[in-house]
Structures are given as C-alpha cells and as structure tokens.
Amino acid sequence: MKLYNTKSRTIEEFIPHNNKEITMYTCGPTVYHFAHIGNLRSYIMEDILEKSLKFNGYNVKRCMNITDVGHLSSDADTGEDKMLMGAKREHKSVLDIASYYEDCFKKDCEKLNIAWPKIVVRATSYIDEYIKIISKLLDTGYAYFSNGNVYFDTSKLDNYYVLTNHNEDDLLEGVRDSVEADSNKRNKTDFVLWFTKSKFDDQELKWDSPWGVGYPGWHIECSAISLKNLGEYLDIHCGGVDNIFPHHTNEIAQSESYIGHPWCKYWFHVEHLNDASGKMSKSKGEFLTVSLLESKGYNPLAYRMFCLQSHYRKQLLFSYDSLDGVSNAYNKLISKIKSISHDDSIVDEDIYLDYRNKFLECLNDDLNTSNALTVLYDVLKDDINNNTKLALVSEFDKVLSLDLLKNDDRVIDNEEYIKEMIEKRNTAKKNKDFALADSIRDELKNKGIILKDTREGTTYEVIK
C-alpha cells in the first residue's frame, strides 16, 4: 500500500512498526452539535483506509476520542469552550449535550456504514493522564506556568512546523481564526495545556490539578488518549486538513517532547467538502446533516458513494444536483446487482483473483476509490459467470460498504444455520429420506451455499 504522508509531503510505501497490528488514531468529534456532512467525509475516508488495511491482511487497532471538554471556539486557545456553547444554546448541562450528540454521531456513522472504532474514549475520562503528561513536560522544561495557565514552549523545538514546512508568519495567515495576542505566552505559537484562568469561571466541567482547578486544553487530549491506548509508536494519525495546524502540529510537539522519540509515522488528512459558498460549516447556510439528506429522500449511502467517486486529497464540491446524479447511479447499481441470479456455475478462481488484485491495486494507490468503483463496474459488465460476479461484489463491498448485497436472501453466511441444515440433511440420509436430503441441499444452493460430501464428512462453500 502507498499513502500520501502529510509529514513528508510525498506518497510513501506503507511500512508499519509491527506487521502483526496496525495502530491507527482518529481525531473524533466535538460533541456540541450534529456532525455536518463535511465532517463526515473525513470519517468515511478514514473508514475506507481502515477497511483497505484489513483487505491487505492487516489487523487494525483503531482508537478515537470524543471531545466533550476543552475545544475552544478559536484555534488560538481563545474564545468559549464549544461544549459550553452547546449547553447554553439548548439550556442543558454539558454532559447531557455531550451524551446526546455523541449518540447522534454514532447513529450517523451507522447510516453511512462507518465502522465504530475498537476503542472510543471521552476526553473527560482521562484527566489523570493529562496531568501526568503535563507534569513531565513542566519538569523537563518543555512547558511553563504563567498567570494561571500551563503553556507548551514551542521555542524548545528545532522544527515546530514539521507537518507544514512553513515559517511562522506564512502559516498564521492560513489559520481558521486569527491568533490573538496573549501576554501570558513567551512565544505567540505557544499553546495551552491546562486552563485555570478566571475568565473561564463559567466553565461547567473543572478538575483539581497541581496548578489549580481548571480543565485541559484540546490538544493534550488526543496525545494522551493515543499514547495510553496505542503505545509510543503510532502508525497512522487521521483527521481533516483543518486539523493539520494547529491541532496535529501541537500533538506532535507535546507527544514527542514527552516520550523523547519520533511518534507517528504517517499522517492522513482528508480535504474539505465545499458548497457554493465555500467550506462547509455549522455556522452558515443550510446546516447539511445526514438527517437532512434523509428528510429530502436521499439514502445516506448515496452520499458515501458521492465521496468515494472523488479522491480524498481533492476538495469536493457538494450540490444537490451532483448528489441527485450519484443517487440515481447508486440505485441503478443496486438494481443491476439484484438482477444477477445464482446459477450452477463455479466461481472462476483465476478471474476472481485477477479482479480482486485490480481492486486492491486501486486501494493501494493512495486510496483511489474512484478507480476501485470502476473495477466494480467492469466486473458487472464482463462476460463472466454470475457466481463469480456475486463473489467479487461481496468481496469489494468489504471495503466500499455500500450494502451492495444487503437484504439479498440469496446470500447467507451464518455458520450455525448452515451446520444445522447439514445435520438435518445427514439425518434425512440416514433415514433414507433422500427427497428431504435433496431438498435441503437445493435450498442451501439457492442461498449461495454449496455442499460437498467428502470422506471426512460434509463441507460447504459460501458463494457470495
């Protein structure tokens, strides 16, 4: 597999630290509002990445945070905590807001067939971990205490801008929010690790710390959660391009200063989804959510396919006309697959492997999902037997996750059910009820399950 690495700004061959298990960290949502479909584009492509790694034969250990405290409305460590904003907006507690919107985010992921990570950690549950890391950074001189806050000292680093290759003045022009002067900082790029300032007295969530009652900064959360669950050598860190600076830049600074060696090998970033007015956000125009698309009659998986037709490193322009076109294409695709019936043909292993390799080559070419979809269409157009086509469709959908065979009663892959039917058939044969035995065999065959009688007993093959 070859992936674009933001850190090196080149496409590199993917070589993990440990071939037995890939460690992958995903920056999760700040659960103060619904996720818009621009946010969800990143999670769709991260899902494709995880499933492509598994398609290559890797085991993947993926961790994601849930930001329920500490993420301010400005990238410059200023403004109001977004969670507090949500609580004020809806006249609820921060924890109630967090619980509700985390559940909404999870439901959106389910609708889009985004696999939920193995490890999901709420930021509020790791306070002791943040304090441990910050304490060491203070002890080693990478952090300092100033007027109630603990700051990371970026001047201690040889290359703070390792992800961007910019100098300080150039980079600040591209930040989402202008960086306000903070007289407590030694350097304008220093960032807060722990807040106790009096202006945050209305902060609902606070904890005791060696530096006073307060709460963690946004950046320290991801470092602590990743290090605790995935270890000191991370393979892949994911996020949207707007996370590159300052969030991921700050993660690298504090993580590597804490552990004393390089931390993450590959940085995977997904470009913005734009509408006619520019970058999609929660603060302007129609708030585009999965639920809104559903209310307008769209299948969420049509939006997933919309994302897969474009490369993740290219900005994608959303319009309802474009989504209409993809939605029609998706419905035709499902209809075409449903028209393919199982027959007596045997899966052609040579053809199967050839197409699987073509599909894999597309995924391994920096996740070229557009070309991967083209391979799917090539299979459907090819003059090959139906069972080979269905087997390939099933295989490809392990990554595409477009429900290409959902609700198709021809396909059953339930080991317990199959074994039960084989036992019933064996009993029928012992009782010389060959008509029943044949009917069981035919019933399974119609569902894509081929029985094979051997000297060792009856085995089966699922033809998808």
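This report describes strand pairing and nonpolar cores in a predicted model.

Four strands, in the order 6-7-8-9, make up an open sheet whose pairing is antiparallel. At its edges stand strand 6 (143-146) and strand 9 (215-216), each of which pairs on one side only. Within this sheet, strand 7 and strand 8 run antiparallel and are joined by 3 bridges, and the bridge partner of Val150 is Trp194 in strand 8. Helix 4 (residues 127-139) lies across strand 6, strand 7, strand 8 and strand 9, and runs at about 125° to strand 8.

Further along the chain, strand 15 and strand 16 are connected by a hairpin through 2 residues. These two strands run antiparallel with 6 bridges between them, and Thr454 stands opposite Gly457 of strand 16.

The two strand pairs are set out below.

| Strand pair | Residues | Bridges |
|---|---|---|
| strand 7 and strand 8 | 149-152 and 191-195 | 3 bridges |
| strand 15 and strand 16 | 449-454 and 457-462 | 6 bridges |

As for side-chain packing, the largest nonpolar core has 135 residues, and Leu49, Leu53, Ile236 and Tyr303 are those with the most contacts inside it. Helix 1 (residues 37-55) gives the most to this core, contributing 9 residues. Leaving aside residues up to four places away in sequence, Ile236 touches a set of residues that includes Leu49 and Leu53, together with Leu3, Phe14, Ile22, Cys264, Tyr266 and Phe268. Another core, of 7 residues, lies apart from the largest one, and among its members are Ile440, Leu444, Ile449 and Leu451. In soluble globular proteins, nonpolar side chains tend to be buried together.

Definitions and conventions
Residues are numbered from 1 along each chain as its sequence is written. This is a predicted model: local features need pLDDT of at least 70, side-chain atom pairs count only at pLDDT 80 or more; totals for chains, interfaces and linings use all residues. Side-chain values use heavy atoms; hydrogens and water are left out. Two strands pair if DSSP finds at least two bridges between them. Contact means heavy atoms within 4.5 Å. Axes are lines fitted to C-alpha atoms, for helices over the stretch in contact, and angles run from 0 to 180 degrees between N-to-C directions. A nonpolar core is a set of buried Ala, Val, Leu, Ile, Met, Phe, Trp, Tyr and Cys residues joined through side-chain atoms within 4.5 Å. Buried means under 20% relative accessible area, exposed over 50%, partly exposed in between (1.4 Å probe, protein chains only).
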